[in-house]
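Here are some friendly notes to read with the structure open beside you. Take the points one by one and find each place in the model as you go.

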Amino acid sequence: MGIILCQVHGKQNFSKVCTHIWKEFANNNFPPMRKLPGYGVRVCDKCYEENYVEELPKITFEQLLNLPEEAYLKLSETLYPKYPNLSGSIKCVECIRYIELISARKNKKEPSFEPFENTLMYRDTEKIEELKKVLTSNFKFPKFRKSPLCFKPTDAFFIQSGGFSYPFSIKFYYITEKRHQEEILKLIDNFFEEIPQKQRHISFYESENWITEKVKIGIRTYKGEEKLLLENIVK
Ligand SMILES: [Zn+2]
Ligand SMILES: [Zn+2]
């Protein structure tokens, strides 16, 4: 449980796996994996049995976070001693999905997710920047309004690079006129004509919906439901 910067996928969650699973990954095999309670380390059947993982209380990371301190310390005494035996390596979750995908194909099975291999990923940052330039030099975008996440006014669209389980996406805001939406889609279509990574998800939203709530300590800001005006998905 945590975040790494993957060379292919950028900022991602990662999973920690035991050394045996790691070896299987190196051979592009996707072995059965079992989750260790608490921090969600993934281990093979052998590690699971040899370390009596079955006897540990079934608890998730969120539950662990919310435990009162005393209960947490007590639980740690049984949980932590297991970890040195099971220490392995970490891998980006999208890279793990890639191994699942090629392993599934090798064994003529379906992967557990819809694959998006032909999409712009973090590794294609240069291409993504090119597209951004095409957009901003051909269209005058409205700016994001009072966003708690950006301090200076920026063009009101949000680009996210893709992974193996989700496509490259752009979300546009405050572009409500049909002819403007079409103009932008045309620029995007033209750009993708020229490159092989065509899978994409383009959407237009009426406006942002930031919600600020008072909580015990300070305030919590999050996004509520936003009205989708138009969506264009290329698979
Ligand atoms: Zn193992
Ligand atoms: Zn990755």
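1. Let us start at Cys95, which touches Cys6, Val8 and His9, leaving out residues up to four places away in sequence. Touching here is contact: the C-beta atoms of two residues, placed from the backbone, lie within 7 Å.

2. A word on the model before going further: it is predicted, so local features need pLDDT of at least 70 and side-chain atom pairs count only at pLDDT 80 or more, while totals for chains, interfaces and linings use all residues. Residues are numbered from 1 along each chain as its sequence is written, and chains are lettered from A and ligands numbered from 1 in the order in which they are written.

3. Which residues have the most contacts inside the largest nonpolar core? They are Cys6, Cys95, Tyr98, Leu120 and Phe164, in a core of 14 residues. Such a core is a set of buried Ala, Val, Leu, Ile, Met, Phe, Trp, Tyr and Cys residues joined through C-beta atoms within 7 Å. Helix H5 (93–106) gives this core its largest share, four residues. The core also draws at least three residues from each of domain 1 (3–106) and domain 2 (122–234), with bounds from an automatic or database domain assignment.

4. Now look for the open sheet of four strands, in the order S6-S7-S8-S11 and with mixed pairing. Strands pair if DSSP finds at least two bridges between them; helices (H or I, at least four residues) and strands (E, at least two) are DSSP runs, numbered from the N terminus. S6 (157–160) and S11 stand at the edges, each with a single partner strand, so one side of each has no neighbour in the sheet.

5. Within this sheet, S7 (residues 168–173) and S8 (residues 200–205) run parallel, joined by six bridges. Between them the chain passes through helix H7 (residues 178–193) in a right-handed β-α-β crossover: with the strands pointing away from you, the path from the first strand over the helix to the second runs clockwise.

6. On the other side of the pairing, S8 meets S11 (residues 228–234) in the antiparallel sense, over six bridges. His201 is a good residue to find: it is the bridge partner of Ser169 and stands opposite Ile233 in S11. Arg200 stands opposite Val234 in S11.

7. Is Glu193, in helix H7, buried or exposed? Glu193 is exposed, because 8 other C-beta atoms lie within 10 Å; buried needs 20 or more, exposed 12 or fewer, and partly exposed is in between, with C-beta atoms placed from the backbone.
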